[in-house]
Amino acid sequence: MTETTRPTLAVAGAGMRGSTYARRALATRRAKVVAVAEPDPVRRERFAEEHGIPPEHVFADWRDLAAAGKLADGMIIATQDAEHAEPAVAFAGLGYHLLLEKPMATTEADAAGIVEAVERAGVMLAVCHVLRYTPYTRMLKELIESGRIGTPISIQHLEPVGWWHFAHSYVRGNWRREAESGPVLMSKSVHDIDWIIHVMGELPARIGSFGRLSHFRPENKPAGASDRCLTCPVEKTCAYSAKRLYLSCLGDPDLEAWPLGAVTPDRTEDGVLAALRDGPYGRCVYSGDNDVVDHQVVNMEFPSGATGSFTMTAFSPYAQRQTRIFGSTGCVEGDGIQLQVRDFVTGELETFSTSDAHKAQDGRHDEGDAALADAFIAAIATGDPSALSTDGEESLASHRVVWAAERARHAGTINDVPHDHASDSASHPASHPESHTPAKGTATR
């Protein structure tokens with residue numbers, strides 16, 4: 001591919017996620033980043049320099065980028081969650097193909113509006129369901145679809161967010177308040193709900209959910225603790241010490257990029273302490289304004305009669321997701337890297353390894369990020385959306401499952417999941433050697 005035929009990309013939001021996809025394009029030279037909008041001046045300047053973007057294509061606000069007209073073939077939207085819908089609709093209207101960070105939007109109406117705008121403009125939309133793109137997921141899907149465990153009967157899926165990760169992002173960070181960023185099930189775990197749907201090959205018909213904010217509350221504040229970690233007399237014995245967490249990142253390039261990069265661009269001890277002294281990441285986890293749940297379960301019944309359960313918890317190591325799928329003639333257990341398949345006929349246990357072992361411990365999905373970026377660029381280059389694992393309707397369908405679960409959690413009910421003809425056609429039971437028995441609770445609009 002020559003310089004003149006390479007797809008061009010613009011980026012709205014040059015934080016961790018936007019930078020990750022842009023760097024993949026730069027590293028592979030499959031696309032060229034030619035414009036950026038980023039409100040933070042340090043990030044904006046650093047990003048523009050890294051990609052050689054001319055000053056006239058560097059903007060502080062995505063609205064200014066949109067006002068400049070169409071500057072590229074594709075747009076990476078990695079703004080804050082509450083600012084996904086408006087730029088997505090605007091850039092689709094300008095003719096950009098969209099790579100949209102999850103969640104699509106913070107309301108169901110806004111997410112549906114994005115799909116309508118994309119369809120009206122005739123552009124492609126890829127929502128960043130990165131877990132679909134990993135070698136691990138591809139192998140798991142192949143094992144199930146080849147009949148290695150017979151008919152899937154039930155799935156258990158765990159997302160161990162990690163105690164310090166949860167404190168960083170969902171107690172002190174940008175996703176701590178439901179009114180500002182949405183519920184954790186959407187802002188964090190729409191990844192997982194979508195992944196369960198993808199692996200099982202069908203949308204749930206009925207759903208229930210339980211969860212609450214149990215621990216990060218004022219009444220659990222240790223005796224004698226202050227409102228900031230740097231002045232706290234019990235900081236050294238607190239599991240959620242900001243001082244311990246962020247100072248420990250110094251010297252590790254990965255940890256300096258994240259989580260420390262969200263705290264301060266100053267990679268020195270003095271810089272970290274200054275940020276913790278006055279900034280949000282130095283607050284006591286028991287004295288903040290957070291209100292999102294710190295643990296949640298979601299129970300699902302699929303049209304085939306299969307069942308599923310999903311657990312998200314703050315109170316774990318920061319690790320890869322863990323899954324068990326129980327079938328009629330076998331079962332499979334995975335940790336994001338390895339898959340172990342038990343055959344009920346022979347009793348044999350077979351192990352498959354799909355990736356770098358150390359990533360099983362740190363919760364990263366780098367391979368999925370890279371594969372998603374490659375797929376988006378390939379789709380633009382060829383004009384063929386088949387490189388993408390989802391389209392707008394399918395992504396909207398999995399988001400609607402999350403909103404149905406949240407309605408069930410708040411009301412204490414078991415709810416039907418609304419389906420429409422498009423989402424029904426986007427997700428369907430995988431082929432298995434045994435037929436499924438329809439469930440009694442079919443979905444309604």
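For the charge count used here, Lys and Arg are positive and Asp and Glu are negative, while His and the chain ends are left out. With that settled, welcome to a tour of a predicted model. On this count the protein chain carries 43 positive and 60 negative charges, and the mean positions of the two sets are 4 Å apart. The chain is built from 18 helices and 15 strands. Its radius of gyration is 22 Å, in agreement with the value near 22 Å that a compact globule of 445 residues would have.

**Overall build**

- Along the principal axes, the C-alpha trace of the protein chain spans about 60 × 60 × 40 Å.
- Of the 445 residues in the chain, 54% are buried.
- Among contacts with a separation of 6 or more, 71% are between residues 24 or more positions apart.
- The accessible surface of the protein chain is about 18600 Å², and carbon and sulfur atoms account for 52% of that surface.

**Salt bridges**

- Side chains of opposite charge can pair when their charged atoms come close. In this model the count of salt bridges comes to 27.
- One of them joins Arg63 and Glu86, whose closest N and O atoms are 3.6 Å apart. Arg63 sits in helix H3 (residues 62-67) and Glu86 in helix H4 (residues 85-93), so this pair ties together parts that are 23 residues apart in sequence. Arg63 itself is partly exposed, at 35% relative accessible area.
- Lys221 pairs with Asp227, with 2.4 Å between the closest N and O atoms. Both partners are partly exposed: Lys221 has a relative accessibility of 23%, and Asp227 has 46%.
- Salt bridges with shared partners also link Asp61, Arg63, Glu83 and Glu86 into one network.
- Another salt bridge brings together Glu180 and Arg177, at 3.8 Å from N to O. Glu180 is partly exposed at 44% relative accessibility, and Arg177 is partly exposed as well, at 24%.

**A buried charge without a salt bridge**

- Glu256 belongs to helix H12, which covers residues 253-257.
- This residue is buried yet makes no salt bridge, and the nearest side chain of opposite charge, Arg267, is 4.3 Å away. A salt bridge needs a side-chain nitrogen of Lys or Arg within 4 Å of a carboxyl oxygen of Asp or Glu, so the 4.3 Å between Glu256 and Arg267 does not qualify.
- Arg267 is nevertheless in contact with Glu256, as are Cys249, Leu250, Gly251 and Gly261, leaving aside neighbours within four places in sequence.

**Buried spots worth a look**

- Helix H7 (residues 163-171) has eight of its nine residues buried, so the helix is largely enclosed by the rest of the structure. The buried residues of H7 are Trp164, His165, Phe166, Ala167, His168, Ser169, Tyr170 and Val171. Their cover includes helices H9 (184-187), H11 (242-247) and H13 (260-263), along with strand E10 (307-313).
- Ala14 is in the loop between strand E1 (8-12) and helix H1 (16-28), and is buried with a relative accessible area of 5%. Beyond residues up to four places away in sequence, Ala14 touches Ser19, Val36, Ala37, Glu38, Arg43 and Phe47. Ala14 and Ile76 are 62 residues apart in sequence, with 9.4 Å between their C-alpha atoms.
- Ser181 is part of helix H8 (residues 178-181) and is buried at 4% relative accessibility. Not counting residues up to four places away in sequence, Ser181 touches Asp81, Thr106, Asn174, Trp175, Arg176 and Ser187.

**Backbone details**

- Most residues other than glycine have a negative phi, and most peptide bonds are trans. The next three items depart from that pattern.
- Lys102 and Pro103 are joined by a cis peptide bond, with omega about -10°. Pro103 lies in the loop between strand E5 (97-100) and helix H5 (108-121).
- Trp258 and Pro259 are also joined by a cis peptide bond, with omega about 15°. Pro259 is in the loop between H12 and H13.
- Arg29, a residue other than glycine, has a positive phi near 60°. Arg29 lies in the loop between H1 and strand E2 (32-37) and is exposed, with a relative accessible area of 52%.

Definitions and conventions. Residues numbered from 1 in each chain as written. Predicted model: local features only at pLDDT ≥ 70, side-chain atom pairs only at ≥ 80, totals over all residues. Heavy atoms only, no water. Helix = DSSP H or I, 4+ residues; strand = E, 2+ residues; numbered from the N terminus. Buried < 20%, exposed > 50% of the residue type's maximum accessible area, 1.4 Å probe, protein only. Contact = heavy atoms within 4.5 Å. Rg over C-alpha atoms; globule rule 2.2 N^0.38 Å. Areas by Shrake-Rupley, 256 points an atom, 1.4 Å probe, with all protein chains shown as cover. Charge placed at Lys NZ, Arg CZ, Asp CG, Glu CD.
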